[in-house]
2 protein chains.
Amino acid sequence: MYEGVVQDLIDELGRLPGIGPKSAQRIAFHLLAADSTDVRRLAAVLVEVKDKVRFCRTCGNVAEGEQCRICSDTRRDLSKICVVEEPKDVVAIEKTREFRGRYHVLGGAISPIEGIGPDDLRVRELMTRLADGEVTELILATDPNLEGEATATYLARLVKPMGLRVTRLASGLPVGGDLEYADEVTLGRAFEGRRLLDV
Amino acid sequence: MYEGVVQDLIDELGRLPGIGPKSAQRIAFHLLAADSTDVRRLAAVLVEVKDKVRFCRTCGNVAEGEQCRICSDTRRDLSKICVVEEPKDVVAIEKTREFRGRYHVLGGAISPIEGIGPDDLRVRELMTRLADGEVTELILATDPNLEGEATATYLARLVKPMGLRVTRLASGLPVGGDLEYADEVTLGRAFEGRRLLDV
């Protein structure tokens, strides 16, 4: 509907995840009216990201060199690996400051519906990392949904012969939430995982 | 939270309208995993758009040259101008194939709250276009909201001395909609604007 390059821009923006045709149009017109230097900066950072950003050879997290910041940090606890689905999960856990070990980013979760099996994830790389026996605890922090649970169960069974301590993040009520608004599965899990109060 | 350029990309994406921090992160990781040629194509079209796209000297619509496709089309009816707020409104009206005249894009609507007055819109340019007397009908197609109505009223008063036929798009029930779901203002307008059925 638009003239040449404007329509090209709307089409390209519409390919991004979560951007429908209306949003793509709105963003395109915002960019048309925006300062040229701002738009060029966005274009430049897009190119730079593809030039510079690699995935860490060790854990699969995003990295600007061969290894990510966490894997190349010698102060991290080498005895613990926390397995997550995506690089953004690493950031979420880092924000808690609860974990000082290293990560392993699978690049997704097992999903038969989407045709994603263990071979499509960085499972082999994980097994290689566990082979030298330095790691003693594997924390399975895949998402608390169907695919994440299936992936955690699969990995737990796979590493069982290695005799590691394998843990899973607790499910339960979100802190600061309202009990009455929790869904029944979450509430059920909160009951199941109830802890003894030591007062 | 992310390493250098990844965070830069998230920040840049987060500046786009309707893209919150979570969406910016999701899009950034999509781009990280995407094919390099696709991302470079997006970057290239961003630069191209800023290089090529101008606003039509006559009507203010987007254009790749001095004039937009519509203003340079000699088959259009020169006696009618349809006033809209944004270039996307031109596209919406063109899709209806109801209008064969030309447009005038104001670049927004009068909004005292946002500090937008007539001088911030392309009102002076509209008056210049009307000066030669070729135009006989001015269709005010600003949005049917507070700002759009105020803008239409302002323009109608402004051009009154010129003796033009000044019209406003009909308000009423959306076609294919359900009467019971219409808000009361729309339903009120539909009553107000009821037409005699000629059967």
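Which residue's side chain does A:Glu12 meet in a salt bridge? The legends below take that up first; keep in mind that this is a predicted model.

**View 1. A salt bridge between A:Glu12 and B:Arg41.** The partner is B:Arg41, with 2.7 Å from N to O. This pair has company: the rule finds 4 salt bridges across the interface of chain B and chain A. Count polar contacts between the two chains and you get 12 residue pairs, both residues at pLDDT 80 or more.

**View 2. The side of chain B that touches chain A.** Helices H1 (4–14), H2 (21–33), H3 (36–52) and H4 (87–96) of chain B, plus strand E2 (62–63), each chip in at least two residues. H3(B) gives the largest share, 15 residues. Sorted by class, this side of chain B has 29 nonpolar, 18 charged and 5 polar residues.

**View 3. The whole interface of chain A and chain B.** Here 52 residues of chain B are in contact with 52 of chain A. Together the two chains bury about 5000 Å², and 71% of that sits on carbon and sulfur atoms.

**View 4. Helix H5 of chain A, residues 123–130.** Buried here are A:Val123, A:Leu126, A:Arg129 and A:Leu130. They lie on the same side of H5(A) because they cover an arc of only 115° around the axis. Flip to the other side and A:Arg124 and A:Thr128 are exposed. As for what the buried residues pack against, it's strands E3 (80–84), E4 (102–105) and E5 (137–140), along with helix H6 (146–159), of chain A.

Key: Residues numbered from 1 in each chain as written. Chains lettered and ligands numbered in written order. Predicted model: local features only at pLDDT ≥ 70, side-chain atom pairs only at ≥ 80, totals over all residues. Heavy atoms only, no water. Buried < 20%, exposed > 50% of the residue type's maximum accessible area, 1.4 Å probe, protein only. Helix = DSSP H or I, 4+ residues; strand = E, 2+ residues; numbered from the N terminus. Arc of directions from axis to C-beta. Contact = heavy atoms within 4.5 Å. Buried area = accessible area lost by both parts, 1.4 Å probe. Polar contact = N/O pair within 3.5 Å; in protein donor to acceptor, adjacent residues only side chain to side chain. Nonpolar A, V, L, I, M, F, W, Y, C, P; charged D, E, K, R; others polar.
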